[in-house]
Amino acid sequence: MTILLPRYPSSLFRVLSSFYPAQQRRVKAKLKLELWSVPEDAFMCLIPMSIKLSVQGNVDSSILVSISTVQALGVSSCSWLKLKKISEEFILSNSSQSYLVHVIAVPEIEDSVAIVTNLLHYNITQALLLVNDVVEAEKLDELEYFVPNIATLARVSLLQPSYDINTVLDTVLSCYFEHPHYLRIGDIFCVDVIKYASSVSYLNSKLKKLYFKVLDIEGPCYGDAVRQGLTHGYYVVKALTTLFQCTNQQGYVPRRDVTFITGEGNLTGNNLKSHLLSTCPSGLDAYRDELLTCVQPYVRNMNKFHVKPLFLVCGPQGVGKSAVIRNVAERLSLNVFDVDSFEVQGGSASYAEGRLKCIFTKVREFAPCVILLRNLEVLCRLEDGTENCRIINAFINEVENLFQEMKTFPVVLIATCNDINKCTFAISPALVRVFLHVVYMQSPDELQRISMLQWLLKKCSANISTDLSRVAAETSGFLYADLSALVFHAIRNNFKRLKVTCHDEQNSIGVTLSKADFEGALNTMHEAYSEAIDAPKIPKVSWEDVGGLSDLKEEIMRTVICCMVMMPLCFSFSGILLYGPPGTGKTLLAKAVATECSLNFLSVKGPELLNMYVGQSEENVREVFNRARAAVPCIIFFDELDSLAPNRGRSGDSGGVMDRVISQLLAELDGLQKSSQLFVIGATNRPDLIDPALLRPGRFDKLLYVGVAEDKESQLSIMKALTRRFQLRSDVNLEDVVSLLPAKLTGADLYSVCSHAWLIALRTLINKLTHDGSSVPSAVEVGVEDFREAIINLTPSVSKEDLAYFQGIGDRH
């Protein structure tokens, strides 16, 4: 190396010859690192077991880098280095802009990456005023080298207490500082209540983590060897440090919108991202992004926007509104102040006003935060459902006062409404207009349900050995909460099948769910919701259960399949009206169509929709079609349609309820043109009583007659379907039994013959066992004599006059 000194005396040669190599080594010891923030439990899994105990108190002050990065910096693992903000121009570094961190070398990490906890990432960002996640790492000079001392005094302050926990703070801090923890002035540290004070978590199950800010810390001076202005921290330990808890403060908290999933295999820096999971369920990302774009500009520049950030999220209960809102708050480092509108209501307007004033007073101390106001539709209504303008005005006034006073920290109010018919049907217009934007959340489609199931399975560290698309197809109409319950039931079925308790952690991790587990879970949920009108499902009725009616089967299947496959190329689907005598199998036929086409089936009887309150009957009609749209592909089956839609003007009700119901039904049927997978089938015994407007083209314009079994071939087909599960004797020939039957019988008549024959056989068997004392057989065998006795007692349910009546209707249509 040659150094030319034409302008300096030779006496400076020794000084300059040592300065330039040192300066060159100093330049080479600087590296740019990208900060990757991860949850603390993921961070701990990456630390080698050999040094995990030694860095227990330095977790939130340590960074993980590759071995080659440590070598390039010229430092050793488990030593200290400083991070600086990268400037665009060359400016002499200011030591006050440095942040000391504890470096740990681990294998299988990218060279330009430093993995840190979410808490340390927040502290570094605040201390260095980072715009992005790239910092400059530099080795400490000899004069800056230090070993952390133990603090003699520390002052901390709690950030935004969400519950009344002042009585247990001493216990929490005492348990946390049993072991030394490295703290620095201005930093935030987090206490995991479940980990460090589990006894306290039992007193309040919602209390999981507490955030504290270090206001001041004192300890032995590091001496002249430490460069002036370089802020160092101290170890705080219970036995040697005096800890003062100061007045609670307001401030942001670190991001916590990502959780760590253990999963299978070893965790390394290369596969770290595959073990991280967003707290926003997959399939709801679009709603999260829509809400985030509304909230984020105000939070980042609250003083520039002179608007009140009020937003409304509308959707059916269980669709995932709270999960989306909480994820937005966690991404923006905001607290969540949860308020339920049912808690505000108290029977009187004065009580509600007092509760609103108390809530908004607490919010001022809780900022920066998101106010999650749930069930907005009941906020300004009294117990009898009437709207109260006094409560509406009180709410608007409290909102006005809140945003006039909040100038330091942002406060965002996000309300939720559980009404599925858009929020305007349930909320007063005076209340709706104060919101800047409304986010409408719909029931997830099949692709969204697949994403949600994958997210839920990954969250539970569960695998699956069946096709998720098949499970998603069978869960039409399921919301996020329903899918979460489905996965829970499937895991429970797996534990029952393997006889493993849920408390065995080694067996609960890496559970593999089979098709049988999901089928059992689906059956459990369908049984639980089968009586509810909002729970359509695929029935289990096959063509084998329907005897005869071959022409009707072909006609209905041709119509439904054509509309499902060729809808973009043809006209809109028109409804099918099945009419005929009672007991001919109209309902069974509709269920068989739904089963064969894998369609959900929503059965509604006409009288179920009628209600004594004004407007409620029309609301029930809208509710039926909304539930069906949420469960597409779906068949709505209206049984006893004549009782729901009689001729208008002839119903005889003084309030005109039936006329309004028919008008609502007509409007919904006209709206079916927008959906290619929603079908309507009606059934009636009296089509002449139905309002003619329903029978016009585009509505129930295809009338199909479901008649009696007139020939022996049809009767034989029905008898075979009814006796499929019977144990028949060897002497029974169904053709001979059918020859004994009278003509023109309905399916209900033939069912009566089969059931009575089985009961006669059972009675005969009981008498035989009583007198002979023989052993009980495995099944009841039905013989020819049993059928003959049942046929003798048979009376056809449809007379010749009724048959002539229905034949006349068929001729007219």
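A salt bridge here is a side-chain nitrogen of Lys or Arg within 4 Å of a carboxyl oxygen of Asp or Glu. By that yardstick, the structure, which is a predicted model, holds 21 salt bridges. One of them pairs Arg326 with Asp338, at 2.8 Å from N to O. Arg326 sits in helix α9 (residues 321-331) and Asp338 in strand β16, so this pair ties together parts that are 12 residues apart in sequence. Both ends are partly exposed, Arg326 at 32% relative accessibility and Asp338 at 33%.

Another bridge runs between Glu353 and Arg390, whose closest N and O atoms are 2.8 Å apart. This one links distant parts of the chain, with Glu353 in helix α11 and Arg390 in helix α12, 37 residues apart. Glu353 is partly exposed at 25% relative accessibility, and Arg390 is partly exposed too, with a relative accessible area of 44%.

Lys515 and Glu519 make a more local pair, being 4 residues apart in helix α18 (residues 515-529), so about one helical turn separates them. Their closest N and O atoms are 4.0 Å apart. Lys515 comes out partly exposed at 48% relative accessibility, as does Glu519 at 36%. Back at Arg326 and Asp338, salt bridges with shared partners join these two residues with Asp340 and Arg374 into one network.

Helix α11 (residues 349-366) deserves a look of its own. Its 18 residues reach 26 Å from the first C-alpha to the last, close to the 26 Å expected at 1.5 Å a residue. Buried in α11 are Ala349, Ala352, Leu356, Ile359, Phe360, Val363, Arg364 and Phe366. These residues cover an arc of only 160 degrees around the axis, which puts them on the same side of α11. What they pack against is a mix of strands and helices: β16 (335-340), α10 (341-344), β17 (369-374), α12 (389-405) and β18 (411-417).

Helix α5 (residues 169-176) buries Leu169, Val172, Leu173 and Tyr176. Down the axis of α5, these fall within an arc of 90 degrees, so they line one face of the helix.

On the surface, Phe305, Val307 and Leu436 make a nonpolar patch of about 260 Å². Val307 belongs to the loop between α8 (285-300) and β15 (310-314), and counts as partly exposed at 41% relative accessibility.

As for the chain as a whole, it has 28 helices and 28 strands, and 47% of its 813 residues are buried. About 40700 Å² is exposed, with carbon and sulfur atoms supplying 52% of that area.

Key: Residues numbered from 1 in each chain as written. Predicted model: local features only at pLDDT ≥ 70, side-chain atom pairs only at ≥ 80, totals over all residues. Heavy atoms only, no water. Buried < 20%, exposed > 50% of the residue type's maximum accessible area, 1.4 Å probe, protein only. Helix = DSSP H or I, 4+ residues; strand = E, 2+ residues; numbered from the N terminus. Arc of directions from axis to C-beta. Expected span 1.5 Å × (residues − 1). Contact = heavy atoms within 4.5 Å. Patch = residues over 30% accessible without salt bridge, like charges linked within 9 Å, V, L, I, M, F, W, Y side chains within 5 Å. Areas by Shrake-Rupley, 256 points an atom, 1.4 Å probe, with all protein chains shown as cover.
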